[in-house]
Amino acid sequence: MQRDKFFREVENVNHPNEKLIKTHCSYCGMQCGMNLRVNTISNKIIGVEPRYDWPVTVGKMCPKGVTAYQQTNHKDRILKPLIRDDSALKGTKEGFRESSWEEAYDLIATKFSNLQETYGKDTLSVFSGVSMTNEKCYLTGKFTRVALGTRYIDYNGRFCMSSAAGGFLRSFGVDRGSTLPWTDIHETDCLFISGSNTAECHPTSMFRVWSVQERGGYLIVADPRETPLARRADLHLDLKPGTDLALANGILNLLIENNYVDDEFVMNHTNGFGETKELVKEFTPEYTSRITGVSKEKIIKAAEIYGKAPNAIVMFARGIEQQHKGVDNVSGYVNMALVTGKIGRPKAGVATFTGQGNGQGGREHGQKSDLLPGYRKITNPKHVEEVCEVWGITPEEMPEPGVSAYEMFELMDQKKIRGLYLLCSNPAVSAPNLNFVRKALKNLDFMVCSDFYLSESAEFADVILPSVTWSEDEGTVTNLEGRIIKINKAQEPIGDSKPDWLIQVELAEKLGKGKYFSHLKEARDVADEFRRATKGGYADYYGATWDKIDKQDGVFWPCKDENDTGTPHMFLDKKFYHPDGKAKICALPYRPPAEEPCEEYPLRLTTGRVVYHYLSGNQTRRIPFLKDMCPEPYVEVHPETAERYHISHDEVVRLFTRRGECNYKVKITEAIRKDTVFVPYHFGDYESINLLTIAALDPISRMPEFKACAAQIEKLAVGKVQ
Amino acid sequence: MKKRLYLELENCIGCRSCLAACTQCGGHEERNRNYVYDVNPLVNRQTMPLMCLHCVNPACARSCPAQAIQIHETGAVLSALVEKCIGCQNCTIACPYGIPKFDTEQNLMYKCDLCIDRTKDGIPPMCASVCPSNTLQWLTEEEIEAKQKNHPLNNGKWVASMPYLEGETNVKISLPGILQGTTKLF
């Protein structure tokens, strides 16, 4: 299926005494195909071999992917449950002792029960992640609502994907991150990529991106930094961080003014055009240029190229989503595709780059405070009823919707939440305004953390449960295309580590809720229940059986039944998921960033990734090759800005905002705007840039504004350098 | 079908997957034998990979007094033979591209062998297998010719490695600016 010009028949190397396990990378949403090399005598993973037969990435991997196998047998793995008896040591690596699973489970069950008896059901909370399989994501939602009976569950997708979800839901009535398969990308005529450092964050997309240009197509990139992607773009729109919506509105205005509108499509398949047309009139090239800092000539040219392109894809990522108007930004760029009718056919559409491995699947199946499996709403009685039937509980037993990720920390600070079960996430590095978040974690009465390394967040736990890496378990994930794929087990769990789904099943038993979970004996049982739980939902996975996934090189959702082969292209029938079948063109007034530069904080701070690290760096900072390549964070400063502050390359400076301060080495580069500084966010403890970022939340997605806040740089006095 | 390693420098995004991948090739002792250079680090961080070009008449082999550097029938210039290398480092001095490196512990030179245990069986070398930006490609002669035809440069120097570098090489490199001659679709 979907094999294209990049696909080549190449045999894999077969070394003696080795078997190759077909699977996918543990990191970002690309989920590149790879073979894990397993020694058949020791039954251990010993290396990696490209997976040439995977149609999306045809063997290509980034440095994280090549070295991902080194996670599993790493010396830092936690091999036994750890308990800390002295809570005074919270927030440090000290004071843990090894225990049996029995002791750890008993302690958790007792503490959780006591807290709930004293302070009510909702005193407990669950904070999870989406670097785990659909099955685990699904079960975590069920565990929270059925075994713990609390309303408070949310996940790190709030820091990553929820604005894209909000934007897609508003515009299309459904949230599938890409309306087309990745194998279409190189065949389009114009790629408009906004707020994505694709070359570093999703490098295995690059051979398709470059191929567009090689064929004579156009690449337009909107980014405050001259990233490797922007460097080669036909047009680089170097906007000020946080001004994307103005740019999108400005381009939309030009598309309408210059008659690039697909009248037939707009009339028959969309709502809201008239209102939007009026609103964007204000965004003339001059006005847009004033707000964004991009020259009006470039804005005019961008609209002309996108407008003229027979087929075009608008793509975006965290750059536009991690803002306190991220949902508006997403809908703003989606407007471009809707107004010109460049959607609902192959080679044209919109797509978001998913940061986390299962950023797509993980947000569909009930880890969000207001969602149930299959993208059902917890506030919709019919949806609740459907899920209750699968779970075997009554609608009255279903908890109310909770609050978003950052807001849970506020409740911890206020002692409204006193217990936390954290898994597959590292908010002590990845949440905004970290001084506050770390204080909130410390304020908990009891915290459980499930992880395979002692992360910065695990340091706040009372009990650490050793979980497995991705290669010691099996299940499905949904990649950035919306393609459900299979992760296969390559090695038995090392030490006493266990998969999270099994931990939850056993813990439920201890909590007296065994009857809802005890039938789940292996990952496949969870998968089967999970598929049933999504049946009839927007994100319908019912037909995506493991066998079909293997046979078809993945299955795109929705996949409703056994005869359905899935849906690679969305909206081919021009039917959108709003009740009237039409998409919504949104009229979106521009709002500036929550915090604008001022005299005291004259610079804009923006954050992002480097190619060598993944999210909070808990995994990648331990891999020797990746650590060597990027051992520490830095602050990117334009040469003219550096001259103004009398700072030089490699000098350590103090960077500060209203929320905190950090010392960083300076990296002087012309790739950054003069009014902006950039710091990668993968580092922990006192190096974490999130000590400085702002927790201004989007009103719809509740996503914090990681991408823009006001900052200042200060030269350190001599002798103060670390 | 005979294939060659081909470098399209303009595609490089500096991810260093090729370095990571090189460590995964059998017999490379988890050490990379290729390099990625920052061309202008304080400006825009443009990078370029450099691998052994596998010269047809290689200076490293020519300069080796012990005949420790063998040339495989595929054209790949191999790493020094353990039993023959005397550790004189002539090869590291002779190579105009700085490819052979010296392992002082083993008193032995090591260099890119074009993943000979893969390429002899028609499997692409690890660097070209994983390269996510198609900077490193494993192509047939016809495919390389087609590229040259599709992207003509006015100066006629589309491929830099013949005869402008160290004589004729088995690895081909396109000059930056390969897309200058591309006709836009619209």
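A residue counts as buried when its relative accessible area is under 20%. In this predicted model, R376(A) meets that criterion, because its relative accessibility is 3%. The residue belongs to strand 15 of chain A, which spans residues 376–377. A polar atom of the R376(A) side chain lies 3.1 Å from the backbone oxygen of P373(A). Beyond its neighbours within four places in sequence, R376(A) is in contact with several residues, among them D370(A), H383(A) and E386(A), as well as the run A533(A), T534(A), K535(A), G536(A) and G537(A).

The setting of this residue is a chain with 24 helices and 28 strands. The C-alpha atoms of chain A occupy a box of roughly 70 × 70 × 60 Å along the principal axes. For 722 residues, a compact globule would be expected to have a radius of gyration near 27 Å, and the 24 Å of chain A agrees with that expectation. Of these 722 residues, 69% count as buried. Among contacts in chain A with a separation of 6 or more, 74% are between residues 24 or more positions apart.

A second buried position is V677(A), in strand 27 (residues 676–680) of chain A. Its relative accessible area is 0%, and V677(A) is therefore buried. Leaving aside neighbours within four places in sequence, the contacts of V677(A) include L603(A), R604(A), L605(A) and T606(A), and also V635(A), E636(A) and V637(A). By contrast, V677(A) and L115(A), which are 562 residues apart along the chain, have C-alpha atoms separated by 45 Å.

Two of the residues in contact with V677(A), R604(A) and E636(A), lead to the salt bridges. Side chains of opposite charge can pair when their charged atoms come close. E636(A) forms a salt bridge with R225(A), with 2.9 Å between the closest N and O atoms. This pair links distant parts of the chain, 411 residues apart: E636(A) is in strand 24 (residues 634–637), whereas R225(A) is in the loop between strand 9 (218–222) and helix 7 (228–231). Both E636(A) and R225(A) are buried. R604(A) meets E596(A) in a salt bridge with an N to O distance of 2.2 Å. In this pair R604(A) counts as buried because its relative accessibility is 7%, while E596(A), at 36%, counts as partly exposed.

A further salt bridge joins E459(A) and K93(A), whose closest N and O atoms are 2.8 Å apart. E459(A) lies in the loop between strand 17 (446–451) and strand 18 (463–466), and K93(A) in the loop between strand 4 (82–84) and strand 5 (96–98), so the pair ties together parts that are 366 residues apart in sequence. With a relative accessible area of 6%, E459(A) is buried. Over all chains, the count comes to 63 salt bridges.

The interface with chain B completes the picture. There, 57 residues of chain A are in contact with 43 residues of chain B. The two chains bury about 3800 Å² between them, with 53% of this area on carbon and sulfur atoms. Five salt bridges are counted between chain A and chain B, including one between R118(B) and E49(A) at 2.8 Å, N to O. The interface also holds 27 residue pairs in polar contact. On the side of chain A that touches chain B, helix 6 (residues 206–214) gives the most, with five residues. By class, that side has 28 nonpolar, 11 polar and 18 charged residues.

Notes. Residues numbered from 1 in each chain as written. Chains lettered and ligands numbered in written order. Predicted model: local features only at pLDDT ≥ 70, side-chain atom pairs only at ≥ 80, totals over all residues. Heavy atoms only, no water. Contact = heavy atoms within 4.5 Å. Buried area = accessible area lost by both parts, 1.4 Å probe. Salt bridge = Lys/Arg side-chain N within 4 Å of Asp/Glu carboxyl O. Polar contact = N/O pair within 3.5 Å; in protein donor to acceptor, adjacent residues only side chain to side chain. Helix = DSSP H or I, 4+ residues; strand = E, 2+ residues; numbered from the N terminus. Nonpolar A, V, L, I, M, F, W, Y, C, P; charged D, E, K, R; others polar. Rg over C-alpha atoms; globule rule 2.2 N^0.38 Å. Buried < 20%, exposed > 50% of the residue type's maximum accessible area, 1.4 Å probe, protein only.
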